[in-house]
Amino acid sequence: GRTGRAYLFDKVVNISFGPLEDRLMNTGMHTVQDIYCNCCHEYLGWKYKEAFEASQKYKEGKSLLMKASMTKEDWVVTIMDSDATIGTA
């Protein structure tokens, strides 16, 4: 992530998306959508819609959530067979 450790998820729930935008990152140009919590509307990370570098194509369709944004006390994170879900308890 931009500010420290982050995790890449196949599936995330209880979120909403910002508009699509092209963003130049350390790993190249990507089309992304920012991700916000449906409960508190806090910025959580972004979803990769398109990667322009061949080595980054594996990120397409995945969501990046920053660890610092995932540390709310009543949150539960469940990881099952490389498919992760985040929500409230």
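A residue is called buried here when its relative accessible area is under 20%, exposed when that value is over 50%, and partly exposed in between. By that criterion, 36% of the 89 residues of the protein chain count as buried in this structure, which is a predicted model. The protein chain exposes about 5500 Å², of which carbon and sulfur atoms supply 51%.

The secondary structure of the protein chain consists of seven strands with zero helices, so that reading from the N terminus the elements run β-β-β-β-β-β-β. When contacts between residues at least 6 apart in sequence are considered, 39% of them join residues at least 24 apart.

The buried nonpolar residues can be followed next. The largest nonpolar core has eight residues, namely Phe 9, Val 12, Ile 15, Ile 35, Cys 37, Leu 44, Leu 65 and Met 70. Ile 15 offers a way into this group: leaving aside its neighbours within four places in sequence, Ile 15 is in contact with Ile 35 and Leu 44, and also with Tyr 36 and Asn 38. Apart from the largest core lies another one, of six residues, which include Met 25, Val 32, Trp 46 and Met 66.

Trp 46 leads from this other core to the aromatic residues, among which a search of the whole structure finds two pairs. One of them joins Tyr 36 and Tyr 43 in an edge-to-face arrangement, with 5.8 Å from centre to centre and 65° between the planes. Tyr 36, at 27% relative accessibility, counts as partly exposed, and Tyr 43, at 24%, likewise counts as partly exposed. The rings of Trp 46 and Tyr 48 have centres 6.3 Å apart and planes at 80°, and because planes over 60 degrees apart count as edge-to-face, this pair is placed in that class. Trp 46 has a relative accessibility of 3% and therefore counts as buried, and Tyr 48, at 3%, also counts as buried.

What lies over the face of Trp 46? Arg 23 does, at 5.9 Å from the ring centre. The side chain of Arg 23 is also joined to that of Asp 34 by a polar contact of 2.8 Å. Asp 34 is found in strand 3, which spans residues 28–37, and at 12% relative accessibility Asp 34 counts as buried, because that value is under the 20% cut-off. Arg 23 can thus be traced on the model to two partners, the ring of Trp 46 and the side chain of Asp 34.

Key. Residues numbered from 1 in each chain as written. Predicted model: local features only at pLDDT ≥ 70, side-chain atom pairs only at ≥ 80, totals over all residues. Heavy atoms only, no water. Helix = DSSP H or I, 4+ residues; strand = E, 2+ residues; numbered from the N terminus. Buried < 20%, exposed > 50% of the residue type's maximum accessible area, 1.4 Å probe, protein only. Polar contact = N/O pair within 3.5 Å; in protein donor to acceptor, adjacent residues only side chain to side chain. Phe/Tyr/Trp six-rings, centres within 6.5 Å; stacked < 30°, edge-to-face > 60°. Lys NZ or Arg CZ within 6 Å of the ring centre and 35° of its normal. Core = buried A, V, L, I, M, F, W, Y, C linked by side-chain atoms within 4.5 Å. Contact = heavy atoms within 4.5 Å. Areas by Shrake-Rupley, 256 points an atom, 1.4 Å probe, with all protein chains shown as cover.
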